[in-house]
Amino acid sequence: MKSELKYHIWTEGCQMNVADSRRVSSALERLGYRGTPRPEEADVIVLNTCVVRQSAENKAVGRLFSLKPLKKRNPGLVINLMGCLVGVKGHDKLRQRFPFVDVFSPPSDPGPLIAHLTQEEVRSLETESTQRRFALMDGDLLLPEAERGKLVSAFIPVVYGCSHACTYCIIPYKRGVERSRPAEEILTEARALVRQGVKEITLLGQIVDRYGKDIPDGPKLWDLLHRLHEEVEGLERIRFLTSHPNWMTDELLDAVAELPRVMPHIEVPIQAGNDEVLKNMRREYTAEDYRRLIGKIRARIPGASIATDIIVGFPGESAAQFQDTYDLLAELELDVAHLARYSPRPGTVSARRMPDDVTEEEKWRRFRLLEELQEGIAAEINARYQGEQVEVLFEDKVKGRWRGRTPTNKLVFVESEADLRGQILPVTITWTGPWSMQGALPLAKPQGGIPVPFHNA
Ligand code: SAH
């Protein structure tokens with residue numbers, strides 16, 4: 001038996017997968033495993049996969065095949081395929097296609113891997129592994145060793161799955177029906193994360209503003225925001241994503257407006273700016289509804305930043321319909337637009353019933369037009385920050401510069417020799433671009449002395 005067992009996790013896709021991978025790390029470390037960035041030296045390799053578009057699925061499958069030689073060299077290696085490539089509906093076909101995979105896990109569930117590993121360990125290490133298994137039960141999320149005391153911003157999934165069924169979307173098939181987590185469990189997890197150094201928490205759900213609506217008399221997202229705000233000491237910032245326009249209630253906007261530690265940033269995808277296309281996508285709102293919502297957000301939360309998602313080249317989208325999306329995006333001037341080219345996903349309504357009739361070339365053309373438009377809008381919005389002082393929460397140092405975010409989720413880089421990790425400091429913005437900004441810490445002048453960098457530690 002080797003003295004130290006090692007694991008390697010590869011994560012693809014959305015923030016939910018990042019959160020799920022962290023949970024797997026936590027469970028593995030409780031079993032005594034240690035993380036390694038090198039798959040060649042790992043005893044357990046987890047691939048946490050995404051299939052939201054064909055390109056993501058291709059990447060996951062490519063990565064999986066690249067592990068085959070490692071498994072051949074080391075038959076004891078445990079390969080765990082996890083996430084949306086596996087899904088919640090069984091994996092017999094995958095087992096045939098990838099016989100070298102040892103364990104298949106649905107999204108968000110470290111259970112199958114841990115059961116596999118502990119069974120194997122029980123043979124060699126009976127009592128100890130039983131104790132370790134109990135340690136796993138206490139529900140507290142223990143951050144992986146490499147992140148404990150270092151991770152500043154963490155995710156907490158609050159709604160698993162999705163029951164909306166937009167016609168293009170594979171997520172409900174892969175992540176199952178909508179299930180909200182009990183508020184107490186979320187609060188416990190938030191406290192555990194804060195105890196381990198986390199300052200900012202982002203609540204996650206496919207439609208996060210539906211939180212609690214699947215539980216009779218359940219708490220709503222605004223209740224949860226209030227409770228996190230009031231009951232979790234040391235939590236400096238709270239965010240949530242992604243919202244669906246139809247569930248963005250006044251109570252929710254009020255909570256964001258009134259609670260100082262809930263950040264003024266809303267992620268609310270429009271997907272298309274033409275009513276016919278929206279109907280075919282089964283989004284259940286109109287372009288005018290969305291326009292009104294943006295107006296309401298801006299009136300209720302002045303200075304809020306807003307991010308959206310858009311799919312170009314949905315089946316049947318004409319040039320004129322695309323132009324509606326372009327014009328609306330130009331009119332609304334949102335801070336961020338995540339753009340995607342339509343990709344038919346097996347099993348979805350659009351893939352079964354609507355021909356993928358916009359050519360790849362045309363999808364790319366529309367994509368680039370929106371990209372260029374949005375770059376200009378973002379550059380203009382961000383330029384308004386020039387010379388302003390903003391509060392930045394610093395997360396980490398990349399290539400010699402500290403990286404942090406403003407309350408509105410703008411990325412800010414600052415040069416400093418001090419250790420800024422986890423601190424919220426006022427920063428004067430000295431340069432802005434469409435995707436990030438640079439700033440400087442103000443100089444504090446002690447009486448009669450030479451100026452020293454301001455520091456609130
Ligand atoms: N439930 C969340 C996230 C869904 S996935 C939401 O409603 O926003 C993230 C984004 O991927 C979606 O917002 C959508 O813009 C894009 N997307 C989803 N399915 C897609 C598909 N079949 N082709 C292209 N983009 C897709």
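**Group meeting: domains, ligand shell and two backbone oddities**

Okay, so the chain here splits into domain 1 (6–135), domain 2 (153–383) and domain 3 (389–453). Before I go on, keep in mind that this is a predicted model.

Let me start with how domains 1 and 2 sit against each other. Their C-alpha centres are 29 Å apart. In terms of contacts, 21 residues of domain 1 touch 21 residues of domain 2. Put those two domains together and they bury about 1,700 Å² between them, with 57% of that on carbon and sulfur atoms. If you want to know where to look on the domain 1 side, go to Gln15, Met16 and Arg23: they supply 31% of the area that domain 1 buries against domain 2, and no other three residues give more.

Right, on to the ligand. What surrounds it? There are 16 residues around the ligand, and the closest are Tyr168, Gln206, Gln271, Asp309 and Ser343. Sorted by class, that shell comes out as seven nonpolar, five charged and four polar residues.

Now the polar contacts I'd zoom in on. With Gln271, an N or O atom of the side chain is 2.8 Å from a ligand oxygen. Arg53 also uses its side chain, where an N or O atom is 3.1 Å from an oxygen atom of the ligand. Tyr168 does it through the backbone: a polar backbone atom there is 3.1 Å from a ligand nitrogen. And how much of the ligand does the protein bury? On its own the ligand exposes 530 Å², and the protein buries 88% of that. As for which elements give two or more residues to the shell, those are β12 (305–312) and β13 (336–341).

Let me go back to Gln271 for a second, with the backbone in view. Gln271 is not a glycine, yet its phi is positive, about 70°. You'll find Gln271 in the loop between β11 (265–267) and α11 (275–280). So that's one residue to click on twice: it is among the closest to the ligand, and it has that positive phi.

The other backbone feature is a cis peptide bond. Which residues does it join? Leu241 and Thr242, with omega at about 0°. Thr242 is in the loop between β10 (237–241) and α10 (250–258).

That's my tour, and I'm happy to pull any of it up on the screen.

Technical notes: Residues are numbered from 1 along each chain as its sequence is written. This is a predicted model: local features need pLDDT of at least 70, side-chain atom pairs count only at pLDDT 80 or more; totals for chains, interfaces and linings use all residues. Side-chain values use heavy atoms; hydrogens and water are left out. A residue is near a molecule or strand if one of its heavy atoms lies within 4 Å of it. A polar contact is a pair of N or O atoms within 3.5 Å; within protein, one must be able to donate a hydrogen and the other to accept it, and residues adjacent in sequence count only if both atoms are side-chain atoms. Accessible areas come from the Shrake-Rupley method with a 1.4 Å probe; for residues, only the protein chains shown count as cover. Helices (H or I, at least four residues) and strands (E, at least two) are DSSP runs, numbered from the N terminus. Ala, Val, Leu, Ile, Met, Phe, Trp, Tyr, Cys and Pro count as nonpolar, Asp, Glu, Lys and Arg as charged, and the others, Gly among them, as polar. Domain bounds come from an automatic or database domain assignment. Contact means heavy atoms within 4.5 Å. Buried area is the accessible area (1.4 Å probe) that two parts lose on being put together, summed over both.
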